[in-house]
Amino acid sequence: MSSAATSPLCVTARVPAKVNLELMVGPLRPDGFHHLATVFQAVGLHDDVSVEPAEDWGVTINGPYSDLVPADDTNLAMRAARLLASEAGIDVPVHITIDKDIPVAAGMAGGSADAAGALVACDALWGVWSSKTALEDLAAELGSDVPFALLGGTAMGSGRGDQLAPVLGRGRYAWVFALSDVGLTTPEVYAECDRLRSGLRVPAPTPSASMMTALRLGDATLLGRALSNDLQPAALSLQPRLEEVLAVGMDNGALGGIVSGSGPTVAFLVSDTERSLDLAVALTASGAAPGVKRAGGPVRGAHLITAASGPRGSFGSTGHETGHIGPTGLRSS
Ligand code: ATP
């Protein structure tokens, strides 16, 4: 085991939430995952993951969701930090602080985002400077959505969602997220999806031409029509109240609405920021959504926002994005 090459005091990575613009769920694979074809978009709801050397491994979660997130070794950020440490032969424990703004257990991959943030922050703190591929491999080991949280932007995911290809689309999109106080876990929604489709032949999932056309043209109206999620019938079957949320959104100017991932958040695409405010007000006033968030997309994946000096130059602690970070949010190497 070796100690870290340099020991900056504290390194912070910012990580985005995601929405699945399209989520095609294919047959079950022998490993228990489903074959997926999905299009992810990273959206501007962020967690900040900070790491600093400490006597012992530990994690603190700040913000309104702190009660919902485990502050122990099961925390996905902690698992990510320990995985990188063991791969890189690092023997310096860190304390992780997560400033959490991504809703928890909401189908927006907040835990996966924190894992990606911990990888990027610890990689810089310890001066490991892993290659892009090495970080991606660790991310895939941690969970299906973690590689996308590293990459950001808009990307197609295949396999179990972890094999990514960036989508070269145009446009910036305005989103409104109707949060929910009903519980839905990812495993139960997949199980319900399997139950609803039992006895049916499930084809191999393939991305739709209409989604690719909408993204290529940067046409929000077309994109609104192309949104689709094979998990939506299962989420609605388990939580029929989400139907009402979808109806309120579509009646109040949304170009499209969709259950986000496995839910229970419902994501609405609107034409611009002004409409997003109108829709947020309408959703709140209707009483259908206990909470609403607005965000733009696509945004970049996990990236450093503050760091002390490292082996490849110095970083300011200004809160601005600095350093050797490529357009995807990963350093090129
Ligand atoms: P998925 O990635 O499966 O779509 P999700 O986006 O619906 O999940 P997350 O916010 O990632 O939900 O949280 C799922 C569960 O993971 C939570 O209930 C929580 O107990 C656990 N968890 C572990 N670490 C974290 C973390 N750092 N942030 C949020 N949740 C975490």
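Helices (H or I, at least four residues) and strands (E, at least two) are DSSP runs, numbered from the N terminus. The structure is a predicted model, in which local features need pLDDT of at least 70 and side-chain atom pairs count only at pLDDT 80 or more, while totals for chains, interfaces and linings use all residues. Residues are numbered from 1 along each chain as its sequence is written, and side-chain values use heavy atoms, leaving out hydrogens and water.

**View 1. Two cis peptide bonds precede prolines in loops between strands.** The bond from G297 to P298 is cis, with omega about 0 degrees. P298 sits in the loop between β11 (291–297) and β12 (303–306). The bond from G263 to P264 is also cis, with omega near 5 degrees. P264 belongs to the loop between β9 (256–259) and β10 (266–270).

**View 2. N75 sits in a loop and makes polar contacts with P70 and A77.** The loop runs between β3 (58–62) and α1 (76–88). N75 has a relative accessible area of 3%, so the residue is buried. Buried means under 20% relative accessible area, exposed means over 50%, and partly exposed is in between (1.4 Å probe, protein chains only). A polar atom of the N75 side chain lies 2.8 Å from the backbone oxygen of P70. The backbone nitrogen of A77 is 2.9 Å from a polar atom of the N75 side chain. Polar contacts are pairs of N or O atoms within 3.5 Å; within protein, one must be able to donate a hydrogen and the other to accept it, and residues adjacent in sequence count only if both atoms are side-chain atoms. Leaving aside residues up to four places away in sequence, N75 touches V59, I61, V69, P70 and I98. Contact here means heavy atoms within 4.5 Å.

**View 3. The ligand has 21 residues around it.** The closest are G107, A109, G111, D114 and T186. A residue is near a molecule or strand if one of its heavy atoms lies within 4 Å of it. N75 appears again here: a polar atom of its side chain is 3.1 Å from a nitrogen atom of the ligand. A polar backbone atom of G111 lies 2.8 Å from an oxygen atom of the ligand. An N or O atom in the side chain of D145 is 3.5 Å from an oxygen atom of the ligand. On its own the ligand has 610 Å² of accessible area, and the protein covers 77% of it. Accessible areas come from the Shrake-Rupley method with a 1.4 Å probe; for residues, only the protein chains shown count as cover.

**View 4. A salt bridge joins D48 and R14.** The closest N and O atoms are 2.8 Å apart. The pair links distant parts of the chain, with D48 in strand β2 (residues 34–53), R14 in strand β1 (residues 11–28), and their positions 34 residues apart. A salt bridge is a side-chain nitrogen of Lys or Arg within 4 Å of a carboxyl oxygen of Asp or Glu. Side chains of opposite charge can pair when their charged atoms come close. D48 is buried because its relative accessible area is 15%. R14 has 27%, so this residue is partly exposed.

**View 5. Further salt bridges include one within helix α3.** The whole structure holds ten salt bridges. In one of them, E136 meets K132 at 3.0 Å, N to O. These two residues lie four apart in helix α3, about one turn of the helix. E136 is partly exposed, with a relative accessible area of 26%. K132 is partly exposed too, at 31%. Another salt bridge pairs D162 with R160, where the closest N and O atoms are 3.8 Å apart. Both D162 and R160 are buried. D47, K100 and D114 are joined into one network by salt bridges that share partners.

**View 6. A105 and W129 have positive phi values without being glycines.** Phi of A105 is near 50 degrees. A105 lies in the loop between β4 (94–99) and α2 (110–125). A105 is exposed, because its relative accessibility is 59%. W129 has a phi of about 50 degrees. W129 occupies the loop between α2 and α3 (132–142). With a relative accessible area of 10%, W129 counts as buried.

**View 7. Two cysteines, C122 and C193, are buried.** C122 has 0% relative accessibility. C193 has 2%. The whole structure contains zero disulfides. A disulfide is a pair of cysteine sulfur atoms within 2.5 Å.
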